[in-house]
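Student: I would like to learn how to read a fold from its strands, helices and buried residues. Could you take me through one example, giving the general idea before each case?

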Amino acid sequence: MDGWEHTPAFVVGPALDIMAGNCLTTALHSGFDRFDNLARMVFVDPAGREFYQEWERAAHPCVAEIRAAYGHDPDSARIAEVVAEPSAQSEEFAGIWQMHDVKSKSQEGKHLKHPQVGDLHINFAAFTVNGAPHQQLVVYQAEPASPTAAAFETLRAVATRPKQAQAAVPVADLAVNEQ
C-alpha cells in the first residue's frame, strides 16, 4: 500500500478495525483522536461529525457493514465489543443498529473535510482480501487535477517529511510553496 503514494488505502477487518494503512491514509485521518476503528471514529470521536460532511451517509453504511460482519460471525467477541462502545455512547448508533440493515462496502463518493486541507470529494472502492476472510482493502481516489488531488499531494508531502520538519512548516505554507 505504501507504493500508492497518491491514493489513501487501508485494510479494515470485519469489526471495521483498521488493520493497516499507508502514510497518506494516516495523514488524512490525523484529526481523529485515534485511527483505529471506523465505527468509533464515526460515532464516538468528536472529529467524526466534522470530518464526514454528509455524516448520515457515513453512519448508516458503517453500521450496516458491522451488521453484515455480525451475520457472518455472531459469536465474535470483537464485533460485540465494537457494537457495545458506540451503542453506549451514541443514541444514533443504537438506533441505526436496531434497523438491522445489512450491507457490505462496495463503492461510492464521499465528502470529507480535513482540518488542515479542507473539503475533499473522494470516490472509494472496497475490495475483498481473498487471503483474509472478511477483510477489505479500501482505496480512496480523487479526480485527477482536482482540488482534492492537490489536497492529497499536500497531505502526502506532510506525511513523508521527517517529524521535525513537519512541525517547522505549517500545512498552509507548504501548500502555497509547492504550487
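Tutor: The turns below go from the overall chain to the sheet, then to the helices, the core and two backbone angles. This is a predicted model, in which local features need pLDDT of at least 70 and side-chain atom pairs count only at pLDDT 80 or more, while totals for chains, interfaces and linings use all residues. Residues are numbered from 1 along each chain as its sequence is written, and side-chain values use heavy atoms, with hydrogens and water left out.

Student: How many helices and strands are there in the protein chain?

Tutor: Helices (H or I, at least four residues) and strands (E, at least two) are DSSP runs, numbered from the N terminus. Here the protein chain has nine helices and five strands, and along the sequence they follow the pattern β-β-α-α-α-α-α-α-β-β-β-α-α-α.

Student: In what order do the strands form the sheet?

Tutor: Two strands pair if DSSP finds at least two bridges between them. In this structure the five strands form an open sheet in the order 2-1-5-4-3, with antiparallel pairing. Strand 2 (18–21) and strand 3 (107–114) stand at the edges with a single partner strand each, so one side of each is left without a neighbour in the sheet. From one strand to the next the twist averages 30 degrees, where axes are lines fitted to C-alpha atoms, for helices over the stretch in contact, and angles run from 0 to 180 degrees between N-to-C directions.

Student: Which residues stand opposite each other in the pairs that involve strand 5?

Tutor: Strand 4 (residues 118–128) and strand 5 (residues 136–141) run antiparallel and are joined by six bridges; Ala125 stands opposite Val139, and Asn123 has Gln141 as its bridge partner. Strand 1 also pairs with strand 5 in the antiparallel sense, over four bridges, and there Val11 has Leu137 as its partner. Val11 has a bridge partner in strand 2 as well, namely Ala20, within the antiparallel pairing of strand 1 (residues 9–12) and strand 2 over three bridges.

Student: Is strand 5 mostly covered or mostly uncovered?

Tutor: A residue is buried under 20% relative accessible area, exposed over 50% and partly exposed in between (1.4 Å probe, protein chains only). By that rule five of the six residues of strand 5 are buried, and the strand is mostly covered. For the protein chain as a whole, buried residues make up 44% of the 179 residues.

Student: Which strands does helix 7 touch?

Tutor: Contact means heavy atoms within 4.5 Å. Helix 7 (residues 147–160) packs on the sheet and touches strand 3, strand 4 and strand 5, its direction making about 85 degrees with that of strand 4. Among its buried residues are Phe152, Leu155 and Val158.

Student: What should the 18 residues of helix 4 span?

Tutor: The expected span of a helix is 1.5 Å times one less than its number of residues. For helix 4 this gives 26 Å, which agrees with the 26 Å between its end C-alpha atoms. The buried residues of helix 4, including Trp55, Cys62 and Ile66, pack against helix 2 (38–43), helix 3 (47–51), helix 5 (77–89), helix 6 (91–97) and strand 5.

Student: Which residues touch the most other members of the largest nonpolar core?

Tutor: A nonpolar core is a set of buried Ala, Val, Leu, Ile, Met, Phe, Trp, Tyr and Cys residues joined through side-chain atoms within 4.5 Å. The largest one has 39 residues, of which Leu28, Leu38, Phe43, Tyr52, Ile66, Leu112 and Tyr140 touch the most other members. Helix 4 (residues 55–72) gives the largest share of this core, seven residues. Leaving aside residues up to four places away in sequence, Tyr140 touches residues that include Phe10, Leu28, Leu112, Ile122 and Phe152.

Student: What is phi of Leu16, and what is phi of His100?

Tutor: Most residues other than glycine have a negative phi. Leu16, in the loop between strand 1 and strand 2, has a positive phi near 65 degrees. His100, in the loop between helix 6 and strand 3, also has a positive phi near 65 degrees. Their surroundings can be read as well: Leu16 counts as buried because its relative accessibility is 0%, whereas His100, at 49% relative accessibility, counts as partly exposed.
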